[in-house]
Amino acid sequence: SRLMIDTNKINTEPTEIYREGGVDEDLSVHPRATTSIRISNGGAGGTGIFRALAKDYLAMITKTTTDQQHDKEGNNNNNNNNNDDDIAPSTSSSSLSSSSSSNITNIMWYRNISRNGHAVLALGIVDMALTYERPQEQEFIAQHQHEDGKGGAKDAGCIFNDHFIIVGPKSARETVPTGNGLDGAIKLLQIIHHRHHQHQHHRQRSSMGSSSSTITQPDNSNLLFLSRFDRSATHCKEMELWQRAGIDPDTDSFFHGCDHDGDDGSLSSSSYRKHQVFPAEALQLSN
């Protein structure tokens, strides 16, 4: 489906198109459109924020156009009242209506993670990209400057912030009380990591034929962690949290073991599941 997009692939086609009157489900630009604004983004599009911003902008320019029409019609009427009856008005209301109807704006959303948003921006497929990774943004801007210092990519500023939340079933929260906030999140990651290695050690000892009396039973049940693992801004933030917890994602087998073959073809460790799609779809796959 259109919703299930592999985040590792660069999306060069619009996911949705917005214009006066709502969302175009057929993904075809309006035949009389005079302006198309092409924007790449991941999270804000998927949660509906981008659609809301597009609708507000379209409503604003529609109202501005309508007000200008009314002002012009009023001026024409005043001019006509000052003219002789046998002189035709220079502009009729029908011609104004025809002119305004051809001034239509399409806003096109291309669903990409931040890094791929930079790619389609560099290729000229989109006009701007809403991204979330400051170091990558600054690197991209530095690489796409003209020699004369004019033109090229530029930072248009911050328009909103994302909030990252670790969520899970209430049963896990009850059995693993870690507290709230950043400290609680880090403690939870440490517990998930510790239990994974306990269970891995237990399985290895069992497979070697050790007697049950010599095998230390792992604490409670194994805990699963779902990751997008796609180099997106969300994934980068997740890696930062693991590092804060004292766990190295580059070297720890917790992140790179492949002893589970998911129904969707994903390969993951027994505790660390990877679904390289956008957040809502990743949650659906993990359920």
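**Exercise 1.** Which side chain meets that of E16 in a salt bridge? Work from the structure, which is a predicted model, and then describe where the two partners sit.

*Solution.* Start with the contact itself: the side chain of E16 pairs with that of R51, at 2.6 Å from N to O, and this falls within the 4 Å that a salt bridge allows. Next, place the partners along the chain, where E16 belongs to strand β1 (residues 16-19) and R51 to helix α2, so that the pair, 35 residues apart, links distant parts of the chain. Finally, consider exposure: E16 has a relative accessibility of 12% and therefore counts as buried, the limit being under 20%, whereas R51, at 29%, counts as partly exposed.

**Exercise 2.** Compare the salt bridge of R228 and D230 with that of E240 and R244, taking the exposure of each residue into account.

*Solution.* First take R228 and D230, whose closest N and O atoms are 3.3 Å apart. R228 has a relative accessible area of 11% and is buried, and D230, with 1%, is buried as well. Then turn to E240 and R244, whose side chains meet at 3.3 Å from N to O. These two residues lie 4 positions apart in helix α8, which means that about one helical turn separates them. Here E240 is partly exposed, with a relative accessible area of 29%, and R244 is also partly exposed, with 48%. To complete the account of charged pairs, note that the structure holds 9 salt bridges, and that R134, E137 and D155 are linked in a network of such bridges.

**Exercise 3.** Describe the second largest pocket by its volume, its lining and the elements that supply the lining.

*Solution.* Begin with the volume, which comes to about 1200 Å³. The lining consists of 42 residues, and the closest to the centre of the pocket are A129, L130, T131, E137 and G157. Sorting the lining by class gives 24 nonpolar, 9 polar and 9 charged residues. Then assign the lining to elements: β3 (33-41), α2 (49-82), α4, β5 (128-129), α5 (134-143) and α8 (233-244) each supply at least two residues, and α5 gives the most, with 6 residues.

**Exercise 4.** Which residues of helix α4 are buried, and which residue just after α4 takes a positive phi?

*Solution.* Within helix α4, which spans residues 114-122, the buried residues are S114, N116, G117, H118 and V120. Moving just past the helix, one finds G124 with a positive phi of about 80°. For the wider setting, 33% of the 287 residues of the chain count as buried.

Conventions. Residues are numbered from 1 along each chain as its sequence is written. This is a predicted model: local features need pLDDT of at least 70, side-chain atom pairs count only at pLDDT 80 or more; totals for chains, interfaces and linings use all residues. Side-chain values use heavy atoms; hydrogens and water are left out. Buried means under 20% relative accessible area, exposed over 50%, partly exposed in between (1.4 Å probe, protein chains only). On a 1 Å grid over the protein atoms alone, a cavity is a set of points where a 1.4 Å probe fits but cannot get out, and a pocket is an open set with protein on both sides within 12 Å along at least five of seven lines; lining residues have an atom within 4 Å of a point. Grid points are joined across faces, edges and corners, and a volume is the space filled by probe spheres set on the points. Ala, Val, Leu, Ile, Met, Phe, Trp, Tyr, Cys and Pro count as nonpolar, Asp, Glu, Lys and Arg as charged, and the others, Gly among them, as polar.
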